[in-house]
Amino acid sequence: MTVYQDFARILSEISNNQSNSVLELPDLFAQLCEKILKTNIDQSEREAWSLERNTWNLIHALYDDRLNGLDDGLSAKEILAANKYTPPLTLTQPLISQSKELMELNAIRQWLHNIPTPLYPVEIRKGYQTYTKNKLKLAVRQGNTTTGLVTSLDPDAPVRQHKQLDVEDSQYDKPLTRTLFEYVRLGRMDLALDACRSSDQPWRAASLRGGQLWDDPSLASEEIALNNGISGNKQRKLWKQIASQLSENPDFDPYERALYGCLSGSLSSVLPVCNSWEDHLWARVNALMERKIDDSLKKTGGYWYDNVDTVKAQEGEQVAEDLEGIFEEILKLGGDVGNSAHNPFRITQTNVMLERTSHLLTNFASQIQQTASMLSPDAFAHLLRFFAHLVLFLRAIDGENPSEDVPNGPAEVILEAYVRTLEQRNESKELVGMYAGCLGEGAGGESFAHYLYSLDIATPIDVRKAALLQTLEHGLDLERVACRTVELTLIDTFARLPEIPIDAPDITAFANTSGLSYKDLSLVRSIEWLIFAKETYRYALIQSNGLMRYFLTSGNVSAAFKLLESLPADLMAYQPNSKTEEDDMISIDDQIVEYSGYQQLFELLDSHTKLVELWTLQPDTNKVAKLDYKAWSDQVEALTHIVKEKTMDIFTTEWMRLGADAHEKRVAELERIREIYIPELVHRLHSSLYSAKSIHIRYIDEALNLANTVADERYCIYLEFVRRSTSLSKKGVAGSNTLASYLSLVKSAALSKLHYEELAGIPTDVFKHV
């Protein structure tokens with residue numbers, strides 16, 4: 001039986017046997033991992049299975065607490081109100097079980113304790129400082145002095161006298177303290193105390209017990225008493241202060257400092273002996289847990305805290321405020337520990353602890369192809385199998401777990417990828433069918449669109465295309481998925497018509513798209529989903545026109561150009577066989593005309609930009625030959641003529657005007673575009689013609705004749721000025737590109753013309769252009 005079949009069997013057994021809770025799944029998966037670890041596998045596989053086992057154990061521990069909820073029994077304050085002599089250890093139980101934060105910190109610390117770790121305990125040796133004691137006796141008998149050797153056998157002698165124990169005793173004490181720390185690191189204080197007593201160091205056992213909370217079952221009510229006998233320390237605050245100071249003393253062995261540091265809730269003395277990601281997490285969680293419990297006991301009070309353990313607590317060292325802060329600290333460590341934090345299983349553990357499984361699944365689903373290319377097929381299949389079963393577990397508890405949602409799109413992508421992997425590995429059709437059935441009805445439609453929508457904007461276009469074309473592999477409706485993906489992006493964008501821009505849009509810098517915002521780029525790239533296949537070209541045309549209207553009515557010319565530039569050249573030429581809904585009121589012909597209007601506008605803007613650039617190259621007539629100046633002026637005249645012709649094409653046609661049957665909102669948007677850009681184009685053309693007067697005076701006449709076109713009732717250009725002035729007056733601003741500003745330009749041109757005629761001795765007629 002393969003690993004895939006083993007996991008499927010467990011899944012089926014839980015699904016078919018209603019007497020088993022779905023919460024057993026992670027535990028059963030962890031047991032299977034443990035079973036596999038006992039087989040003959042190589043080191044890389046062993047590490048992967050070990051991390052997966054640890055992850056399932058964490059999921060089991062945390063979700064067991066999360067789904068069972070907080071204890072609704074008596075609170076610590078209620079217990080104290082009934083019996084002020086209730087011991088601190090008894091009070092700690094409701095403090096933890098009624099606080100989500102403390103309960104989860106406790107579960108995480110317990111999980112870290114239970115992770116199997118290689119342990120090499122020191123060999124127990126009877127007798128206390130035997131070699132030192134014998135040397136001291138021998139020196140007394142012989143009347144000699146022992147230079148550098150302690151003269152007393154009390155535990156503090158080496159530090160107090162600044163002298164050494166005998167080498168044999170010293171070499172035993174160091175591994176002993178390391179063993180004691182490792183026992184505490186694994187949550188086995190009982191083994192640490194036994195090791196102390198067995199080594200004839202009962203004083204050390206008593207010292208370590210000083211960090212335990214005081215408890216006396218006879219002082220607590222029967223229903224909450226722990227019945228473990230009298231234990232702990234009544235003066236725990238005092239002990240923790242002394243232990244904390246000891247942990248900061250550089251004269252002590254690093255492991256002894258770490259031992260008292262972790263028991264007193266200190267952190268700086270523990271970190272130097274931490275070697276793994278799990279060690280660093282445990283040290284920080286332990287310190288945070290100790291601080292939170294002390295803070296809770298302080299707030300709760302009681303006889304033992306207020307009247308017996310009265311030492312004023314000193315301000316402890318700074319530790320992270322929460323789990324998120326802890327993980328940020330670990331990521332900053334760098335080296336092997338920091339790098340190991342990027343392992344997919346540890347990333348999973350982190351997100352499970354932070355209740356970010358939705359974020360976890362979305363990220364993994366978006367990076368499936370990249371992950372597959374980075375890992376060996378076996379390693380990728382292992383990881384994919386884990387995530388597929390994590391999805392199924394989270395879905396199974398979804399109704400009972402309101403704090404976390406399972407994102408349908410990414411979940412479907414992961415399950416579909418797992419089904420493909422099972423097929424590629426020639427697993428049985430029954431097994432493939434079992435997981436394919438987990439996809440649910442309509443898996444490819446809405447859920448797949450949400451997955452595509454969740455892809456980051458930086459995802460390369462070929463990756464996005466490959467993701468969309470996966471719909472065909474799974475028999476999904478590509479058109480529907482693509483359209484829905486775009487709709488998810490644009491759904492809020494088209495909700496209302498943007499405010500009219502006060503200032504004129506900068507059409508000379510329209511081709512500079514480097515400064516587009518993240519939102520603009522997201523909107524532009526959303527249309528990509530509709531240009532990967534020709535059958536969606538019609539929808540691409542409709543949606544891109546809608547997005548064009550949004551950008552242009554916002555005055556965002558650069559974003560509109562970026563969108564136009566991203567569309568395929570044959571967009572209008574290909575019309576798929578797709579019927580328009582009767583209530584859509586949009587004909588494909590109208591869409592093509594509108595799209596052609598945008599092309600017309602940007603061709604004109606491009607010509608304007610080239611003309612502006614050409615004027616910046618104007619040669620000095622005193623420094624260049626007449627032929628060179630003539631060549632430049634010919635270019636200016638030719639380009640000015642092109643600008644004029646293209647502008648008049650817009651002015652004298654039904655540019656951006658639709659019939660009466662067009663949708664009201666679309667008509668309003670197109671009218672707004674005319675209101676913004678027609679006045680701008682009038683001003684631009686007038687300025688271009690007037691500037692060319694230095695080449696030939698006839699351009700003043702052309703500039704003045706433009707006013708006739710503006711006033712012509714056939715084209716009603718003047719109405720766009722009226723609409724703009726009305727819109728601006730409603731906002732209480734003057735704005736630019738108004739009829740007044742244009743008439744001021746006409747006036748200047750007319751006066752310039754009169755001045756020229758006067759200088760040339762030509763009879764003037766002030767009413768010639770009226």
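**Exercise 1. Work out how the contacts and the fold elements of this protein are distributed overall**.

Start with the contacts: take the pairs of residues at least 6 apart in sequence, and 72% of them turn out to join residues at least 24 apart. Keep in mind that this is a predicted model. Next, count the secondary structure: you get 35 helices and zero strands. Finally, look at burial: 49% of the 770 residues count as buried.

**Exercise 2. Find out how H1 and H2 are oriented to each other, and what sits in their contact**.

Step one is the geometry. H1 covers residues 3-16 and H2 covers residues 24-37; their axes come within 10 Å and cross at roughly 155°. Angles over 145 degrees count as roughly antiparallel, and H1 and H2 are therefore roughly antiparallel to each other. Step two is the hand, and this crossing is right-handed.

Step three is the list of partners. H1 brings Val-3, Asp-6, Phe-7, Ile-10, Leu-11 and Ile-14, while H2 answers with Glu-24, Leu-25, Leu-28, Phe-29, Leu-32, Cys-33 and Ile-36. Sort the residues of this H1 and H2 contact by class and you have eleven nonpolar, no polar and two charged.

**Exercise 3. Do the same for H9 and H13**.

Geometry again: H9 (residues 167-185) packs on H13 (residues 254-264) at an angle of about 30°, and their axes are 8 Å apart. That makes H9 roughly parallel to H13, as angles under 35 degrees count that way. The crossing of H9 past H13 is left-handed.

Now the residues. On the H9 side you'll find Thr-177, Arg-178, Leu-180, Phe-181 and Val-184; on the H13 side, Tyr-255, Glu-256, Ala-258, Leu-259, Cys-262 and Leu-263. By class, the contact of H9 with H13 holds eight nonpolar, one polar and two charged residues.

**Exercise 4. Which residues touch the most other members of the largest nonpolar core, and which helix gives the largest share?**

First, the general background: nonpolar side chains tend to be buried together in soluble globular proteins. Here the largest nonpolar core has 120 residues, and Leu-281, Met-353 and Ile-414 touch the most other members. Helix H21 (residues 377-396) gives the largest share of this core, with twelve residues.

Then zoom in on Ile-414. Leaving aside residues up to four places away in sequence, Ile-414 touches Leu-361, Phe-364, Ala-365, Ile-368, Leu-384, Phe-387, Ala-388 and Val-391. Don't stop there, though: a second, separate core has 83 residues, including Leu-468, Phe-561, Tyr-595 and Phe-651.

**Exercise 5. Track down Asp-200 and Glu-355, and describe their phi and accessibility**.

Take Asp-200 to begin with. Its phi is near 60°, a positive value in a residue other than glycine. Asp-200 belongs to the loop between helix H10 (189-198) and helix H11 (202-209). At 32% relative accessibility, Asp-200 counts as partly exposed.

Move on to Glu-355. Here phi is near 60°, again a positive value in a residue other than glycine. Look for Glu-355 in the loop between helix H18 (344-353) and helix H19 (357-366). With 24% relative accessibility, Glu-355 counts as partly exposed.

**Exercise 6. Is Ser-558 buried or exposed, and where does Ser-558 sit?**

Locate Ser-558 in helix H29 (residues 557-566). The cut-off for buried is under 20% relative accessible area; Ser-558 has 14%, so this residue is buried. One last check on Ser-558: its C-alpha is 9.7 Å from that of Asp-520, a residue 38 residues apart along the chain.

Conventions
Residues numbered from 1 in each chain as written. Predicted model: local features only at pLDDT ≥ 70, side-chain atom pairs only at ≥ 80, totals over all residues. Heavy atoms only, no water. Axes fitted to C-alpha atoms, helices over the stretch in contact; angles between N-to-C directions. Helix = DSSP H or I, 4+ residues; strand = E, 2+ residues; numbered from the N terminus. Parallel < 35°, antiparallel > 145°, perpendicular 65-115°, else oblique. Left-handed = near helix turned anticlockwise from the far one by under 90°. Contact = heavy atoms within 4.5 Å. Nonpolar A, V, L, I, M, F, W, Y, C, P; charged D, E, K, R; others polar. Core = buried A, V, L, I, M, F, W, Y, C linked by side-chain atoms within 4.5 Å. Buried < 20%, exposed > 50% of the residue type's maximum accessible area, 1.4 Å probe, protein only.
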